[in-house]
Every structure is written in structure tokens, then in C-alpha cells.
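Biologist: I'd like a close look at a single part of this model. Could you walk me through it slowly, as you would for someone just starting out?

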Amino acid sequence: MSLFLPKLSNKKEIDAVIKTVAEKVLVLRFGRDDDAVCMQLDEILSKTSHDLSNMAAVYLVDVDKAPIYTRYFDISFIPSTVFFFNGQHMKVDYGSPDHTKFVGSFKTKQDFMDLIEVIYRGAMRGKLIVQSPIDPRNIPKYNLLYHGI
């Protein structure tokens, strides 16, 4: 399914997209095309990208081709999905310790669509962090390896 979504293969391309996507939620999926969970997420992203085209632009980023951003966003689990709006990193409170990215795959297309709508509406009101609309049972659980002091 990742064949239908545009791919960004270096820092320059990622920077350009972050700067130029305006008035839409920019969705960056960090992962690998051959990873099973990434493929599951890519299917959801590709099936919803047309329906969300007025609110969101979806791009795939290979973690091995963008090591600077992989480190910057502390991508230790794939897939991880990061959101921007007008060049501003959008954070989401998923009820987990990390508000900077969504780790894992969405359980349903509707979960992803609801999240994009909440981020979009929040961003249009000037918010930089929004509350996740996803049922907590549908959010993958993981443990942080490092707890900052």
C-alpha cells in the first residue's frame, strides 16, 4: 500500500515539506516499507488519505534514510507517526509519557481519521497540543527505555 503514498528520502525533502504544507496537518510516518506493522499502518494511511485530503497530507519517511530526524524525534519504535501544522510540531496527549508521536499502527481507519480531525481543529484554534480522541484500549502500549530526570 505504501506505493500510493509519497516518500521522503532525505533531510532536505523533509524540511521542504514541513515548510511548504500549509493549512493542513502534515503526517510523517517513520518506518520501513518491509516491516509488517508499517505495512498495516500504510494501508490505513493510504485508504484514508483521499478522504482527508482537505485536512491532511501524508508522507512516508524511511528511518534509515533520515537518521537526523529519526534521532531528533527519538524514533526507537517503528512505525512512529509525527504531526505538523504550518511548520509547527503538533503534540497529542495519548495518555502515555510521549506526546510527540504516535507509536505503532492505528487499530482502525476511523481512529486515524478522528485523530487528524482533532489535530486539524485544534491547530486551527492555535493549539500546539490536543487530547487524543482514540479509545485508550486502541493505543499501543510500550515502555520508555529512558526516563529523564
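Biologist: At what angle do helix α2 and helix α4 pack, and how far apart are their axes?

Modeller: Sure, and keep in mind that this is a predicted model. Two packed helices are described by the angle between their axes and the distance between the axes. Here, helix α2 covers residues 36-49 and helix α4 covers residues 109-124. The angle between α2 and α4 is about 60°, and their axes lie 9 Å apart. Why call this pair oblique? An angle under 35 degrees would be roughly parallel, and 65 to 115 would be roughly perpendicular, so α2 and α4 come out as oblique to each other. The crossing of α2 and α4 also has a hand, and that hand is right-handed.

Now zoom in on who meets whom. From α2 come Ile44, Leu45, Lys47 and Thr48, and from α4 come Lys109, Phe112 and Met113. Sort the residues of this contact by type and you get four nonpolar, one polar and two charged.

Ile44 is a handy link to the next stop, since serine 105 touches Ile44 too. You'll find serine 105 in the loop between β6 and α4. Is serine 105 buried or exposed? Its relative accessibility is 7%, and buried means under 20%, so serine 105 counts as buried. Leaving aside residues up to four places away in sequence, its contacts include Val37, Gln40 and Leu41, along with Pro79 and Pro140.

On the other side of β6, have a look at lysine 101, which sits in the loop between β5 (88-93) and β6 (102-103). Lysine 101 is buried as well, with a relative accessible area of 5%. So what does its side chain reach? One partner is the backbone oxygen of phenylalanine 73, at 3.0 Å. Another is the side chain of aspartate 98, with a polar contact at 2.5 Å. Again setting aside residues up to four places away in sequence, lysine 101 touches Phe73, Asp74, Ile75, Ser80, Thr81, Val82 and Tyr94.

Let's finish with valine 130, in strand β7 (residues 129-131). Valine 130 counts as buried, at 9% relative accessibility. Along the chain, valine 130 and lysine 101 are 29 residues apart, while their C-alpha atoms are separated by 12 Å. Not counting residues up to four places away in sequence, valine 130 touches Lys91, Val92 and Asp93, plus Val118, Ile119 and Gly122.

How values were computed: Residues are numbered from 1 along each chain as its sequence is written. This is a predicted model: local features need pLDDT of at least 70, side-chain atom pairs count only at pLDDT 80 or more; totals for chains, interfaces and linings use all residues. Side-chain values use heavy atoms; hydrogens and water are left out. Axes are lines fitted to C-alpha atoms, for helices over the stretch in contact, and angles run from 0 to 180 degrees between N-to-C directions. Helices (H or I, at least four residues) and strands (E, at least two) are DSSP runs, numbered from the N terminus. Angles under 35 degrees count as roughly parallel, over 145 as roughly antiparallel, 65 to 115 as roughly perpendicular and the rest as oblique. A crossing is left-handed if the near helix is turned anticlockwise from the far one by less than a right angle, and right-handed if clockwise. Contact means heavy atoms within 4.5 Å. Ala, Val, Leu, Ile, Met, Phe, Trp, Tyr, Cys and Pro count as nonpolar, Asp, Glu, Lys and Arg as charged, and the others, Gly among them, as polar. Buried means under 20% relative accessible area, exposed over 50%, partly exposed in between (1.4 Å probe, protein chains only). A polar contact is a pair of N or O atoms within 3.5 Å; within protein, one must be able to donate a hydrogen and the other to accept it, and residues adjacent in sequence count only if both atoms are side-chain atoms.
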